[in-house]
Amino acid sequence: HAKRMGKSNYQFYHDSMHSKIQGNIELESLLRKAIKRNEFSLFYQPQIGTKSNQIYGAEALIRWNSHELGMISPAEFIPLAEESGLIVPIGEWVIREACQQVKNWQCANLPLFPVSVNLSIRQFYQSDLIPMIRKIIEETGIEPHYLELEITETMAMEAESATIILQELKNTGVKIAMDDFGTGYSSLNYLKKFPIDHLKIDQSFVKDISYDKDDKDIVSTIIVLAHNLNMLTIAEGVETAEHVAFLKEHKCDVLQGYHFSKPLPPQEFESWLKNWVKSENE
Ligand code: C2E
Ligand code: MG
Ligand code: MG
Ligand code: MG
């Protein structure tokens, strides 16, 4: 009996694995073609400074509009891009596109602000990361501090070389943000050593901030910790006026979330920003 069950379990496992692998191979080959076919784009989400109420920066977030599959969210394809190594060329495209966009916006009649991009672990430890970034900054002609790279705690804790890589990145003049702070594996000791400009407080802590005592304590403590270590804080997932009020009261530096805007394609972002500047000056 046990044997039969074992066998049918195996069969079941095997079949679902098979279709999963099959599906992944198909997705991977589509992903492989997506750069050449121009199917990726970047959306931008504004970040607002709490002191000035002005734009502080924008986060670039990748979108994939696949000819075969339609819109696919990064949460679905980034893991596969990482597994397959395709994240290296995709990630390079993201950085180049973001820097080009910075350049375009600086030429337009808009306030200046930096753009941040998410790095994946594969990219972070890729041997030519630094020369690649230098080259893109040079070719697009932006000042390096208009580019910010977002890494996660887990990425930074993975290897001994992380501190060196971060220091070399800082030497290129780009900014560094620690994304999803509080959700990963981190050591406060390292936090002190890493040259981090911004701590991004994960949205899971912000969500219930209006009524959850633990989340209130966690968030206000992260802000104090960051300030003591000479970092600024960016709250993610800011959705309500209550979130804004709490975060301002506790001196969070920058706010990002649907309360201000969802991520937008470049042209819509520009309109959003013009409107924001106008309403702030009224
Ligand atoms: P992330 O870097 O933490 O980005 C924030 C995510 O939260 C984005 O999801 C954004 O749309 C979403 N978000 C923003 N404001 C709010 C809000 O007020 N409420 C809620 N519920 N969500 C909000 P998105 O664009 O689907 O990206 C998901 C994740 O995919 C990102 O998380 C990042 O880890 C990854 N990702 C996105 N673009 C790239 C990329 O170019 N390269 C790499 N390696 N990863 C990327
Ligand atoms: Mg991010
Ligand atoms: Mg995040
Ligand atoms: Mg994330």
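## Ligand 1 and its two magnesium ions

The largest pocket is the space taken by ligand 1. The model is predicted. Strand 2 (55-66), helix 2 (74-84) and strand 6 (175-181) are the elements that each give two or more residues to the shell around ligand 1. Strand 2 contributes the most, with 4 residues.

**The shell.** Ligand 1 is surrounded by 22 residues. Arg-63, Asn-118, Asp-179, Glu-239 and Tyr-258 are the closest. Sorted by class, the shell holds 9 nonpolar, 6 polar and 7 charged residues.

**Polar contacts.** Three side chains place an N or O atom by an oxygen atom of ligand 1, as tabulated here.

| Side chain | Partner | Distance |
|---|---|---|
| Asn-118 | oxygen atom of ligand 1 | 2.8 Å |
| Glu-59 | oxygen atom of ligand 1 | 3.0 Å |
| Glu-236 | oxygen atom of ligand 1 | 3.3 Å |

On its own, ligand 1 has 800 Å² of accessible area, and the protein covers 80% of that.

**Magnesium ion, ligand 2.** Which residues coordinate the magnesium ion (ligand 2)? The donors are Glu-59 (OE), Asn-118 (OD1), Glu-150 (OE) and Asp-179 (OD). Their distances run from 2.0 to 2.3 Å. Along the chain, these donors of ligand 2 follow the spacing E-x58-N-x31-E-x28-D. Glu-59 belongs to strand 2 and Asp-179 to strand 6, so this pair ties together parts that are 120 residues apart in sequence. Glu-59 and Asn-118 thus recur: Glu-59 has a polar contact to ligand 1, Asn-118 has one too, and both coordinate ligand 2.

**Magnesium ion, ligand 3.** Asp-179 (OD), Asp-180 (OD) and Glu-236, through two OE entries, coordinate the magnesium ion (ligand 3). Here the range is 2.0 to 2.4 Å. The donor spacing for ligand 3 reads D-D-x55-E. Glu-236 also plays two parts: Glu-236 coordinates ligand 3, and its side chain has an N or O atom 3.3 Å from an oxygen atom of ligand 1.

**The bridge.** How far apart are the two magnesium ions, ligand 2 and ligand 3? They are separated by 4.1 Å. Asp-179 bridges them. Asp-179 is also among the closest residues to ligand 1.

Note on methods
Residues are numbered from 1 along each chain as its sequence is written. Chains are lettered from A and ligands numbered from 1 in the order in which they are written. This is a predicted model: local features need pLDDT of at least 70, side-chain atom pairs count only at pLDDT 80 or more; totals for chains, interfaces and linings use all residues. Side-chain values use heavy atoms; hydrogens and water are left out. A residue is near a molecule or strand if one of its heavy atoms lies within 4 Å of it. A polar contact is a pair of N or O atoms within 3.5 Å; within protein, one must be able to donate a hydrogen and the other to accept it, and residues adjacent in sequence count only if both atoms are side-chain atoms. Accessible areas come from the Shrake-Rupley method with a 1.4 Å probe; for residues, only the protein chains shown count as cover. On a 1 Å grid over the protein atoms alone, a cavity is a set of points where a 1.4 Å probe fits but cannot get out, and a pocket is an open set with protein on both sides within 12 Å along at least five of seven lines; lining residues have an atom within 4 Å of a point. A molecule sits in a cavity or pocket if more than half of its atoms lie within 2 Å of its grid points. Ala, Val, Leu, Ile, Met, Phe, Trp, Tyr, Cys and Pro count as nonpolar, Asp, Glu, Lys and Arg as charged, and the others, Gly among them, as polar. Donors are N, O and S atoms within 2.8 Å of the metal (3.2 Å for Na, K and Ca); water is not among the atoms, so sites may look incomplete.
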